[in-house]
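Let's walk through this one together, starting where two chains meet. Keep the picture open as you read.

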2 protein chains.
Amino acid sequence: VTPEEPNFMPNGPGALLGVIRRAGTITRTELVAETGLPRSTLVQRVDALLDRGLLRVGSAAPSTGGRRAATLEFNAEAGVVLGVDLGATHARAALFDLGGQQRAEVTGELDIRKGPDTVLDWVDQASNDLLAQTATAPDALLAIGVGVPGPVEFASGRPVRPPIMPGWDDYDIPGRLAGERRIPVLVDNDVNIMALGEQWTSWPSADHLLCIKAATGIGCGIIIRGQIHRGAQGAAGDIGHVRLAGHDDIICECGNVGCLEAVAGGRALARAATQMGLDAHGSRDVVELVHTRVPEVIALVRQAGRDLGTVLAGLVNALNPSVIVLGGDLAVADEHLLAGVREIVYQRSTTLATRQLQIARSALDDRAAVIGAGVMAIEHVLDPAVVDRELRALAAV
Amino acid sequence: VTPEEPNFMPNGPGALLGVIRRAGTITRTELVAETGLPRSTLVQRVDALLDRGLLRVGSAAPSTGGRRAATLEFNAEAGVVLGVDLGATHARAALFDLGGQQRAEVTGELDIRKGPDTVLDWVDQASNDLLAQTATAPDALLAIGVGVPGPVEFASGRPVRPPIMPGWDDYDIPGRLAGERRIPVLVDNDVNIMALGEQWTSWPSADHLLCIKAATGIGCGIIIRGQIHRGAQGAAGDIGHVRLAGHDDIICECGNVGCLEAVAGGRALARAATQMGLDAHGSRDVVELVHTRVPEVIALVRQAGRDLGTVLAGLVNALNPSVIVLGGDLAVADEHLLAGVREIVYQRSTTLATRQLQIARSALDDRAAVIGAGVMAIEHVLDPAVVDRELRALAAV
């Protein structure tokens, strides 16, 4: 086993910034002790971070009886990032500072099928509006994170044959959004960034977390060791096409039979409700019928929870997560999906794996994805390798 | 998101050792350039590693036209580790150098149910024999890795209610094996260390790998980002109790119905063979019948492969691994289990997740676990935090 290649300088400015973020506040002397760096080298690197604005001198330096040593702290106001959540029929964009505090948000009804030109024009406009509205200088925008409702090659930010995004296959989203300053644009599928948003906001200490989006489609964002697990081809989390036994008569859009999504997704529930004589065209109509307490529809959602629970029970045994968060229209509507999931997971998973497992509905409702998109952008900006590279570039100017 | 706390000094001796292992050979001047450390600090840390024997001066320093700069390289002969694979009815122990080269091995028939005293006496004896046989000084033994056929709390090395290991529940294996020198003893379940052994030996570039052990029980070792995924309670990989549809008449030892292991494990196949009038008491008898080409038994193993494939198809969609390795008696016997697994996984998993997926039988046969146990010990010894701590302790003497 070859140790993993670090892509940043150990004890470089980026790594120091990480030490300081973890510490909260710290003095230069404490940093010397922590890192073993010679003081002159340390001071030089701290100065570079201060010059860049990523650090600031602490407001309240503690007294140690004698002279007060200046404390250093991370400056979350060194810039902003834009988080963008593109859904099938809606869009949402928000500005965040580098500490994850949201400054402003804009939402719109927007059909992803209108294609990249229309949709990304909306993003450009939203970005300009948000910067203007918060009186933020355009060059304070340091990165953009985008979530889309389909598979993405993360390294390039290009969608990979996304089923519900005609015109987007292999489209260079970062190239289109980066603008003249060529700022970094990170693109991932919506479920992965939802998982990131949930973890950042509600479950910061959960190393291993599953986040389900149950709506028209069903997907799963997987956090392992605190990071999104994307898998070998970036296809991880696609639980919508796991086969459910006993449903071989149901043909899925993927061409297979009995897929979870074809049995328990929003479209399937709407179809079942229609067959009962109710008026339902998609997952949102199903949610409406749940809200009006139509017992047959509540039973449908509960059963969808059991079907989802069957798939999750296997994943719980395999991955032993500490948290499962249920999000998406069908989950946030009411407790019924949750009840079905819990029923099966606690029945079917091993006792060791469920002993401390928490299964909860999303507390963020439909804001998990835009927060996660912002977090993805922040994590990129503060990545030690990125910080080191930027400071080197500044020094070279 | 708080960045992960590094548990070693960036650019400390342990981190430098990692740089040198990756590089193969490197000069001090190159190390200064690579790390940004002041030369005096670097030389001091390199000297500590040379004194400890973890580095050596390269045998063939390349000519650069002028004076030859001495190259540094990792010294895999700085010590040895012991790898121990304890199975249900067998045991195997081997000595490895720090580069993973095996020096000697011993195997024995040993029933794990005889309990910790008997079994760990065997390990002590094996350790002494292997050291004597290879003329290795006892204090060259730097760590022990142990695999056991049951769940383990990795942090403490204690089995957690292991079903087939009476007398071992919560037993302090490290405390018993560490000896007077208190050397580190790492304990994990057999499937996790099999996965590590497979990856180290056959799939070093696979970041995401599943390793199946199909024998009396069925388990799965999961490698994610190059490391064993143990999950929140160390219970990850327990796929033997995932429910297979259509088998609710089969009661598993765990009390649930339709578990994969109860349908497709070695005991279930032996029972089915017995019902056909054949003589089979466990997975090894089934393997014998496969070898003698009894068609009904071949069909049983093929169907077990399909059942296993059903569970793996879901895991492939969820985790998108690049490699699945099939090990254990039932897998290494012949191609039939593999054929059944491939049939279902390629039929049922998504095209994106299977595009580059390799599914292969173990090339290590029953040696994967002992190799993995050795690798686990080596990775501990060379962990930067451990190296730093050890050198600090030596300096303090």
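Between chain A and chain B there are 32 residue pairs in polar contact, both partners at pLDDT 80 or more; that term means a pair of N or O atoms within 3.5 Å, where within protein one must be able to donate a hydrogen and the other to accept it, and residues adjacent in sequence count only if both atoms are side-chain atoms. Which elements of chain A give two or more residues to the side that touches chain B? They are α1 (13-23), α3 (39-52), β12 (218-224), β13 (227-228), α10 (295-319), α12 (336-348), α13 (351-354) and α14 (368-381). The largest share, 5 residues, comes from α10(A).

This is a predicted model, so to speak with strings attached: local features need pLDDT of at least 70, side-chain atom pairs count only at pLDDT 80 or more, and totals for chains, interfaces and linings use all residues. Residues are numbered from 1 along each chain as its sequence is written, chains are lettered from A and ligands numbered from 1 in the order written, and side-chain values use heavy atoms, leaving out hydrogens and water.

Back to the two chains: 62 residues of chain A are in contact (heavy atoms within 4.5 Å) with 62 residues of chain B. The rule finds 0 salt bridges across this interface, a salt bridge being a side-chain nitrogen of Lys or Arg within 4 Å of a carboxyl oxygen of Asp or Glu.

Now look at helix α1 of chain B, residues 13-23. Since 8 of its 11 residues are buried (under 20% relative accessible area, 1.4 Å probe, protein chains only), the helix is largely enclosed by the rest of the structure. Among the buried ones are Pro13(B), Leu16(B) and Ile20(B). Right after α1(B) comes Gly24(B), with a positive phi near 90°.

Key: Buried means under 20% relative accessible area, exposed over 50%, partly exposed in between (1.4 Å probe, protein chains only). Helices (H or I, at least four residues) and strands (E, at least two) are DSSP runs, numbered from the N terminus.
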